Amino acid sequence: MEKLCTLKSALWAGLMLFGVVVFTGCSKSDDNNDNKNNGGFHVDQELSELHMPVGEWAATTNGSYAIVRNPDTKKTYTVKFRVNAKDGRWIPIDPNTGKDFNLLQNLNYNATDLGDKEHHFYILDRSNIQLLKKDAEGDWILESKGEYTYTLKGILTLYFGNVIRKIEVMRNDGYTLEFKETDFNTFPLKGIVLEKYIYYKPVKN
């Protein structure tokens, strides 16, 4: 009788243990499902399976802007952009007047632009990306090939040879890409540009 009771107790304990394992497994499964709903893919917190929408995307001045600062006075300004028809450079403009923003006068920065120009990204798949530029005839041609990672936290890291850029993806809805860049550690933009927001629209071929 004691053996029977001992066997029943062991069996019950085993079932309880199994129940805990199953419950815990379901809980983890639910967590995974929650992660899948965050961006559509289950990912690690660090390494992501998120991807950028495949296709060709054109940088547009419509909606793009930058926050700049005078390094001496610490006064900040918001500037928008226009495209220089001759060379495709993005020229900063005053959003209130629409006139060119004088970088030398306002920021003591001896240049007419902030290093931006017309460009396209061609996203091939979940890890490969190409940067396109215009040729003399106005056609879009390959400028450089690169790779990218896109983390769950919304950080896009671009690798073009030795050049690495970290960008925060503010919008990625299939219709618009909005990139936020804050890493301007290289001279001469260090201390001049605080934040830059660049919009992209899909190119319909």
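Reader: Let's start with the hairpin of β1 and β2: which residue takes a positive phi there, and how many residues lie between the strands?

Author: K74 takes the positive phi, near 70°, and there are 6 residues between the strands. Strands here are DSSP runs of E with at least two residues, helices are runs of H or I with at least four, and both are numbered from the N terminus. Before we go on: this is a predicted model, where local features need pLDDT of at least 70 and side-chain atom pairs count only at pLDDT 80 or more, while totals for chains, interfaces and linings use all residues. Residues are numbered from 1 along each chain as its sequence is written, and side-chain values use heavy atoms, with hydrogens and water left out.

Reader: Fine. How do β1 and β2 pair, and over how many bridges?

Author: Two strands count as a pair if DSSP finds at least two bridges between them. In this case β1 and β2 (residues 76-83) pair in the antiparallel sense over 4 bridges. On the structure, look for R69 opposite T76 of β2.

Reader: Which way does β1 run relative to β10, and how many bridges join them?

Author: They run antiparallel, with 8 bridges joining β1 to β10 (residues 193-202). A handy marker is T60, whose bridge partner in β10 is Y199. β1 (residues 55-69) is also joined to β4 (residues 120-123), antiparallel again, by 4 bridges. In that pairing G55 stands opposite I123. As you trace any of these, remember that in a regular strand the side chains alternate between the two faces of the sheet.

Reader: Let's zoom out. How many helices and strands does the protein have?

Author: There are 2 helices and 10 strands. Read from the N terminus, the order is α-β-β-β-α-β-β-β-β-β-β-β.

Reader: How do β7 and β8 pair, and which residue of their hairpin takes a positive phi?

Author: β7 and β8 pair antiparallel over 6 bridges, and L158 stands opposite R165 of β8. Their hairpin has 2 residues between the strands, and G161 is the one with a positive phi, near 65°. Then β8 is joined to β9 by 4 bridges, also antiparallel, with N172 opposite L177 in β9. That hairpin has 4 residues between the strands, and G174 takes a positive phi near 90°.

Reader: Now the empty space. How much of it lies in the largest pocket?

Author: The general idea first: rolling a probe the size of a water molecule over the atoms shows where empty space is left. On a 1 Å grid over the protein atoms alone, a cavity is a set of points where a 1.4 Å probe fits but cannot get out, a pocket is an open set with protein on both sides within 12 Å along at least five of seven lines, and lining residues have an atom within 4 Å of a point. Grid points are joined across faces, edges and corners, and a volume is the space filled by probe spheres set on the points. Here the largest pocket holds about 740 Å³. It is lined by 25 residues, of which G115, D116, V163, R165 and E181 are closest to its centre. Two or more lining residues come from each of β7 (155-160), β8 (163-172), β9 (177-181) and β10.

Reader: Which element gives the most to that lining?

Author: β8, with 5 residues. The lining divides into 13 nonpolar, 4 polar and 8 charged residues, where Ala, Val, Leu, Ile, Met, Phe, Trp, Tyr, Cys and Pro count as nonpolar, Asp, Glu, Lys and Arg as charged, and the others, Gly among them, as polar.

Reader: And which residues line the largest cavity?

Author: M52, F121, I123, I129, L156, L158, L177 and F179. β4, β7 and β9 each give two or more of them. The volume of this cavity is about 30 Å³. Its lining is 8 nonpolar residues, with no polar and no charged ones.

Reader: One last spot: where does D94 lie?

Author: D94 sits in the loop between β3 (90-93) and α2 (103-107). Buried means under 20% relative accessible area, exposed over 50%, and partly exposed in between, using a 1.4 Å probe and protein chains only. At 23%, D94 is partly exposed. Contact means heavy atoms within 4.5 Å, and, leaving aside neighbours within four places in sequence, D94 is in contact with K99 and F101. F81 is 13 residues away in sequence, and its C-alpha is 8.4 Å from that of D94.
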